[in-house]
Amino acid sequence: MQRLSGRRASSLRTEASSWSGLLTMARKRSSRTTFFLLSLLFLAAFTLFAPLPSLSSLSPPLPTSSPIRVIGRKFEIKNDKFWKDGQPFQIIGGDLHYFRVHPEYWEDRLLRAKALGLNTIQTYVPWNLHEPRPGKLVFEGIADIVAFLKLCQKLDFLVMLRPGPYICGEWDLGGFPAWLLAINPPLRLRSSDPAFLRLVDRWWGNLLPQIAPLLYDKGGPIIMVQIENEYGSYGDDKAYLHHLVAVARRHLGNDLILYTTDGGSRETLEKGTIRGDAVFSAVDFSTGDDPRPIFQLQKEYNAPGKSPPLCAEFYTGWLTHWGENIASTGADFTAAALDKILSLKGSAVLYMAHGGTNFGFYNGANTGADELDYKPDLTSYDYDAPIRESGDVDNAKFKALRGVVKRHSAASLPSVPSNTEKRGYGPIQLQKTESLFDLIDKIDPIGVVESENPTSMESVGQMFGFLLYTSGYAAKDQGSNLFIPNVHDRAQVFISCPSEDNGGRPTYVGTIERWSNQNLSLPDTKCASKINLFVLVENMGRVNYGSHLFDQKGILSPVYLDGNVLKSWKIVAIPFQNLNEVLDIKPIKEIAHSRINKTLALTNIKNTGMFSILTYDTYKYKQLVKVRTSVRVLFCFYCINLFGIYLFLVCISIFHSEPHLPALVPLILVQLTMVCNNASYWEGQ
């Protein structure tokens, strides 16, 4: 192309004195021009019909290339040991969760973990933090996992990553986003349910490509990635585990160590591990248990030579539920148990090294054999860890554990930082600005969900906070009896008489709780009109462990008044996500007779974290309309281009008196046919 342009410029300089000379020159090169333009046409056709990327936005793109492997960096398992760059390596790690620490304190807490003597950080990845609404991904601020991982590398930590999709961790719904509970038919969580797996694939398709460049052999800190979490304590769906392994391999490659963690019993290992050498099986067990027989059992579930003893959760303390005394364990007892593991040349990860805080409404909950035995976790996740929730390290447990680690470390440990400085801010005066019911009165009626029977919090598109259910009933001389068989988790009951002089100010009657569900007597109220009934239901945290994981919130059963089902409910969502803003609720689709078909919370409602209700089929249809519109615009664009090329060639043929050029018409018609077929194919996709 450059040579042709040079010759043309030379000819213009030579023949510029005569128009007839220029015309003659052009005609002599007509065959070359024709060849050149045909080449351009062929190139355009090749570009047009080359493989096109998927136009669908319904599934995430797979990575097109993997990061370059760094020569000399390798973390592997052989001879029943971990090996780092050709040298035996003992993992002395600790769990420190980025989502339980303000980003401003990440480095401070990591430096304290370094002073404890740790060489590895283990962290979960909570799906619900990163995808609070379907398709709405969050990787900024406290959710900036890439920044956290890079900071770990900067401070010379290795990383064991636990991306779930289930994480437990005393975190709401075990890390699953609550909108999964609004899908109909209901998903079978932690299983090979195809509908559930499609959503997992989409989530991991967004997460794993971000961490792939941070694998150890690519120059990053990540040495191992966990598959699920203690699955042997929940189920035995091996197809589910194998699917997760396949997805992880597709995004992260075949060289990375994948691992499972299960309790140190034969039953849990049998159900939760994947036999062979594709996935390494680690164990956890109660602090103080003899590690020898458990590590010996671990070997049975790993390939020969592929079973370095690893306690992936060495418990430095324990969790605390509401109403319980703060959990604590002895410093010397905990240190002695760690010393037993390290003396066997085993590896251990302290759970927790630093607990942190369950910010917002993200605390989880536990149940016993019966889901009525409900125990919500505290906001604090101090866990009696050596690095306290405040960051303090001047405590007996930190000193005792550091002493053990120091005896088993070849390198010297950093100096211990001082406790975090405290400061008194003086008394804080709280002022009442408005009551809850004053706020409710300001809500536009079109922003209220109407339902024949009560429905769940997730079904009206709310994930956290409170729901207010309102109905009415006729007054009786001897009062009434209220019974709600299934309420999650705590309901405060109010009544009011609209015809009273005080404007029907609601009066508190009593509380109905999930764990002590009893009938509630409603007082005898003289009222000329119907009595308004208000039931304010609090979500205290979704179950994160065990068989009752599918833990929807709100009133989940009919409501009985004097033995009869109470109908005609209005439901108001109160997320309490930002108390500085008055509730700004936009319309929510009315629920007719409580039948919600394939609902998903998809549309954000300003500043409240709520969602309007939109059917999933409608959502898919709108996405397909966008795709088809793009295809049609692309098709028109190429048709116009081809038609322009044809007109240009016709003009050249007339100018050069070459009648054979119109013979290109069949070629262009063939190309247009191919364009039509191609557009139809992509529209069908």
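Helix H4 (residues 106-116) packs against helix H6 (residues 145-154) at an angle of about 40 degrees, and their axes sit 11 Å apart. That angle makes H4 oblique to H6. Keep in mind that what you're looking at is a predicted model. Below, we stay with H4 and its neighbours for a while, then move on to a sheet of three strands.

**H4 meets H6**

- The two helices, H4 and H6, cross in a right-handed way.
- On the H4 side, the contact is made by Trp 106, Glu 107 and Leu 110.
- On the H6 side, look for Ala 147, Phe 148, Leu 151, Cys 152 and Lys 154.
- Sort the residues of this H4–H6 contact by class and you get six nonpolar, two charged and no polar ones.
- Here's a handy bit of background: an α-helix has 3.6 residues a turn, so residues three or four places apart point the same way.

**H4 meets H12**

- H4 has another helix partner, H12 (396-407), among the elements that its buried residues pack against.
- The axes of H4 and H12 come within 8 Å and cross at roughly 55 degrees.
- That crossing angle makes H4 oblique to H12.
- From H4, the residues that meet H12 are Arg 112, Ala 115 and Leu 116.
- From H12, their counterparts are Phe 398, Leu 401, Arg 402 and Val 405.
- By class, the H4–H12 contact comes out as five nonpolar, two charged and no polar residues.

**How hidden is H4?**

- Eight of the eleven residues in H4 are buried, so the helix is largely enclosed by the rest of the structure.
- The buried ones are Trp 106, Arg 109, Leu 110, Arg 112, Ala 113, Lys 114, Ala 115 and Leu 116.
- So what do the buried residues of H4 pack against? The list has three strands and two helices: strand S4 (92-96), strand S5 (120-124), strand S11 (347-354), H6 and H12.
- Right after H4 comes Gly 117, and its phi is positive, near 105 degrees.

**A three-stranded sheet**

- Over to the strands: three of them form an open sheet in the order S1-S2-S3, with antiparallel pairing.
- Which strands are at the edges? They are strand S1 (75-78) and strand S3 (87-89), and each pairs on one side only.
- From one strand to the next, the twist averages 45 degrees.
- As a reminder, strands of a sheet pair through backbone hydrogen bonds, either parallel or antiparallel.

**S1 with S2**

- S1 runs antiparallel to strand S2 (residues 81-84), and four bridges join them.
- You can trace the pairing yourself: Phe 75 has Lys 84 as its bridge partner in S2, and Ile 77 has Phe 82.
- S1 and S2 form a hairpin with two residues between them.
- In that turn, Asn 79 has a positive phi of about 55 degrees.

**S2 with S3**

- S2 and S3 also run antiparallel, and three bridges join them.
- Try finding Trp 83, whose bridge partner in S3 is Pro 88.
- S2 and S3 form a hairpin as well, with two residues between the strands.
- Asp 85 sits in this turn and has a positive phi of about 55 degrees.

Key. Residues are numbered from 1 along each chain as its sequence is written. This is a predicted model: local features need pLDDT of at least 70, side-chain atom pairs count only at pLDDT 80 or more; totals for chains, interfaces and linings use all residues. Side-chain values use heavy atoms; hydrogens and water are left out. Axes are lines fitted to C-alpha atoms, for helices over the stretch in contact, and angles run from 0 to 180 degrees between N-to-C directions. Angles under 35 degrees count as roughly parallel, over 145 as roughly antiparallel, 65 to 115 as roughly perpendicular and the rest as oblique. A crossing is left-handed if the near helix is turned anticlockwise from the far one by less than a right angle, and right-handed if clockwise. Contact means heavy atoms within 4.5 Å. Ala, Val, Leu, Ile, Met, Phe, Trp, Tyr, Cys and Pro count as nonpolar, Asp, Glu, Lys and Arg as charged, and the others, Gly among them, as polar. Buried means under 20% relative accessible area, exposed over 50%, partly exposed in between (1.4 Å probe, protein chains only). Two strands pair if DSSP finds at least two bridges between them.
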